[in-house]
Amino acid sequence: MIAAAFGPAVRAESDYARELTRHLAPDMHLLADRAFDGNELLTAITRQGTQFLVRCTSTRRPPVLALLPDGPYLTRIGSLSLRVIEAEVQARTVDQHIRRRLPPPDPVRRLCGVTSRR
């Protein structure tokens, strides 16, 4: 653990998470659950240069801008260019998608396995 934040429940967890982004560094990989896929938070993480893998609900459907030969596709969410990897995660019968900032695809497949086992 590198940092922690807490406070009154009147603020959302994602607000506290956004405060924590100042502790991130370019050599880090952030794994986040689906409650942390907001545009502002993803932008704050990107500003730190941190690579990330974020689960998103199946209701979030960003546009497919380009299909990639290894299966994922490129999209834009706000001002961010993202690589989207479709993966089914069995959790409380909800299909979820995993979004990851560019590049490289190799560690993502390993992280998908970690996400599905937690």
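Two strands are taken as paired if DSSP finds at least two bridges between them. In this predicted model, strands β3 (residues 66-67) and β4 are joined by 2 bridges and run antiparallel. Within that pairing, L67 stands opposite Y73 of β4. The two strands form a hairpin with 5 residues between them, and G71, in the turn, has a positive phi of about 115 degrees.

The pairing continues on from β4. Strand β4 (residues 73-77) is joined to β5 by 5 bridges, again with the strands antiparallel. Y73 reappears here, standing opposite V84 in β5, while I77 has L80 of β5 as its bridge partner. The hairpin of β4 and β5 has 2 residues between the strands, and G78 takes a positive phi near 65 degrees in it. A glycine with positive phi is thus a handy landmark for the eye in either hairpin: G71 for β3 and β4, and G78 for β4 and β5.

How do the two faces of β4 divide into covered and uncovered? Y73, T75 and I77 make up the covered face, whereas L74 and R76 lie on the uncovered one. Strand β5 is mostly covered, with 5 of its 6 residues buried.

It helps to place these strands in the whole chain. The protein holds 3 helices and 6 strands, and from the N terminus on its elements follow the order α-β-α-β-β-β-β-β-α. Of the 118 residues, 36% are buried. The exposed surface of the protein comes to about 7100 Å², of which carbon and sulfur atoms supply 56%. Among contacts between residues at least 6 apart in sequence, 39% join residues at least 24 apart.

Nonpolar side chains tend to be buried together in soluble globular proteins. Here, the largest nonpolar core has 13 residues, and those with the most contacts inside it are F36, L41, L42, I45, F52, V54 and L82. At least two residues of this core come from each of α2 (39-47), β2 (51-57) and β5 (80-85). In α2, the buried residues are L41, L42, T43, A44, I45 and T46; L41, L42 and I45 are also among the residues with the most contacts inside the core.

The loop between α2 and β2 contains G49. Just after α2, this glycine takes a positive phi of about 80 degrees. Is G49 buried or partly exposed? G49 counts as partly exposed because its relative accessibility is 24%, and buried would require under 20%. G49 also lies 6.3 Å from A25, C-alpha to C-alpha, although the two are 24 residues apart in sequence.

A last look goes to the aromatic rings. A pair of such rings is described by the distance of the centres and the angle of the planes, but the structure holds 0 aromatic pairs. One ring does have a charged companion: the charged end of R11 sits over the ring of Y16, at 4.3 Å from its centre.

Methods: Residues numbered from 1 in each chain as written. Predicted model: local features only at pLDDT ≥ 70, side-chain atom pairs only at ≥ 80, totals over all residues. Heavy atoms only, no water. Core = buried A, V, L, I, M, F, W, Y, C linked by side-chain atoms within 4.5 Å. Buried < 20%, exposed > 50% of the residue type's maximum accessible area, 1.4 Å probe, protein only. Helix = DSSP H or I, 4+ residues; strand = E, 2+ residues; numbered from the N terminus. Phe/Tyr/Trp six-rings, centres within 6.5 Å; stacked < 30°, edge-to-face > 60°. Lys NZ or Arg CZ within 6 Å of the ring centre and 35° of its normal. Contact = heavy atoms within 4.5 Å. Areas by Shrake-Rupley, 256 points an atom, 1.4 Å probe, with all protein chains shown as cover.
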